[in-house]
Amino acid sequence: MGDDLGMAYASCASARNMVPGWLPVPVRVYLAHTEGGESIRALARAAGCHPSTVLRQVRRTETLRDDPLADTALARLGRLWRWRARVNTTSLPAQDPSTMTHFVPIDDETLARDTLRTLRALLEPRNLLVVAEGVEDAVVVHNAGDDRPIRRAVVGREVAEALALRELIAGTQVGRIARYTITAEGRAEAGRLIAEAESRRASGAGQSDDAAGTPTRLPKARRVEPRRRPVGADAPLHVLARRRRTDGSFFLPPELVAAAIRFRESYEIASINGGVTRDWDKLVAGRVSSGRVANGSAPTRRLEAEESLSAAIRALGPDLAESVILAVCHEEGMEEIEDRLEFPARSGKIVLRIALRSLQRHYASTGSGDYDMIY
């Protein structure tokens, strides 16, 4: 439905060339309604959907006004819209928007590169994006707990605003300082961008990790039965756990393998007597249970496993959860996962490592015990 609404937005005469193309559909629909004067019903008719669907898009964006970065971005975009509308309907000269003090345009290449750089910095534990009133740029800092944060990266204000509008970061403001952390959507986007950069580097494209192209959303995995690996072959998790990086460290350190085993244990216990739903979309959304009840003394333990599994999947987000379930629980190989999820070649293990790092942080925050690993 989002694509339909995007087409409906594009079909509006008042919407053409008004705002950047990277804006999410709900934001574009919101601006078409609030600035372009398009009615909810008109947008719904153009998209062939119910007006309530468009209304939800508008209200969803309206809630972003509570966020200082998103509110500033929406105010700038509104002024840009009104200025371009005035140029289109009067004899005013077509001024270059870059000379306008109320809006600084950002091209797709710069946005993709800085998005990757910022999200990758925010993936590290205890890193925050900090924005202060009256300061043009935002900064990513590492909070070591001694009241002396260490600066990790400087982020242009327009990039930070774009991240907030795309809901890749979320935060709160106390006084003149706003602090942001990466969201589940941001972690999934970071995984995609890093995988694309790794794929280009492996294929000899000659680009750096930060030279990421425009991110491409990946389709959901098709629901199929797990395939059995050949007799005697190691599980993909243990193959990656033994692999070493160029600096000599393990590709998957013990704490990540422990998190994977914790996840698989919950999955297998929850699967007793068909306890895990066979609906793939529900599963990766964290709605784990099939509604069946196990026999004997199993229900309590199985229900606890379902709750643990559901919480872990929700913490990962659908995109990263797909990779963990397929690799850790179904024990599918990386090439098969890359083909099924349409990842770039040789990128599946990178996405899995990012996912397991997020999973390890989730278990640490919920107090789940560690495991002693023997390879």
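## Backbone outliers and salt bridges in a predicted model

Arg126 counts as exposed because its relative accessibility is 54%, above the 50% limit that the term requires. The structure described here is a predicted model.

Arg126 belongs to the loop that runs between helix 6 (108-122) and strand 1. Its backbone is notable for a phi near 65°, a positive value in a residue other than glycine. The next element, strand 1, spans residues 127-132 and includes Asn127. In contrast to the exposed Arg126, Asn127 counts as buried because its relative accessibility is 7%. Leaving aside residues up to four places away in sequence, Asn127 touches Ala121, Leu122, Val140, Val141, His142 and Arg152.

A positive phi also occurs at Glu167, which is not a glycine; here the angle is about 60°. Glu167 is placed in the loop between helix 7 (157-165) and strand 4 (169-174). With a relative accessible area of 28%, Glu167 is partly exposed.

### Salt bridges

The count of salt bridges in the model comes to 15. Three of the pairs are listed below with their N to O distances.

| Basic residue | Acidic residue | N to O distance |
|---|---|---|
| Arg76 | Glu161 | 3.5 Å |
| Arg113 | Asp114 | 3.5 Å |
| Arg340 | Glu332 | 2.7 Å |

The side chains of Arg76 and Glu161 meet in a salt bridge. Because Arg76 lies in helix 5 (residues 68-89) and Glu161 in helix 7, this pair ties together parts that are 85 residues apart in sequence. Arg76 counts as buried at 16% relative accessibility, and Glu161 counts as buried at 4%. Both values fall under the 20% limit for a buried residue.

Which residue is the partner of Arg113 in a salt bridge? The partner is Asp114. Arg113 counts as partly exposed at 32% relative accessibility, whereas Asp114 is buried with a relative accessible area of 11%.

In the third pair, the side chains of Arg340 and Glu332 meet with 2.7 Å from N to O. Are these two residues buried or exposed? Both Arg340 and Glu332 are buried.

Salt bridges also link several residues into a network, made up of Arg166, Glu189, Arg192 and Asp319.

Definitions and conventions:
Residues are numbered from 1 along each chain as its sequence is written. This is a predicted model: local features need pLDDT of at least 70, side-chain atom pairs count only at pLDDT 80 or more; totals for chains, interfaces and linings use all residues. Side-chain values use heavy atoms; hydrogens and water are left out. Helices (H or I, at least four residues) and strands (E, at least two) are DSSP runs, numbered from the N terminus. Buried means under 20% relative accessible area, exposed over 50%, partly exposed in between (1.4 Å probe, protein chains only). Contact means heavy atoms within 4.5 Å. A salt bridge is a side-chain nitrogen of Lys or Arg within 4 Å of a carboxyl oxygen of Asp or Glu.
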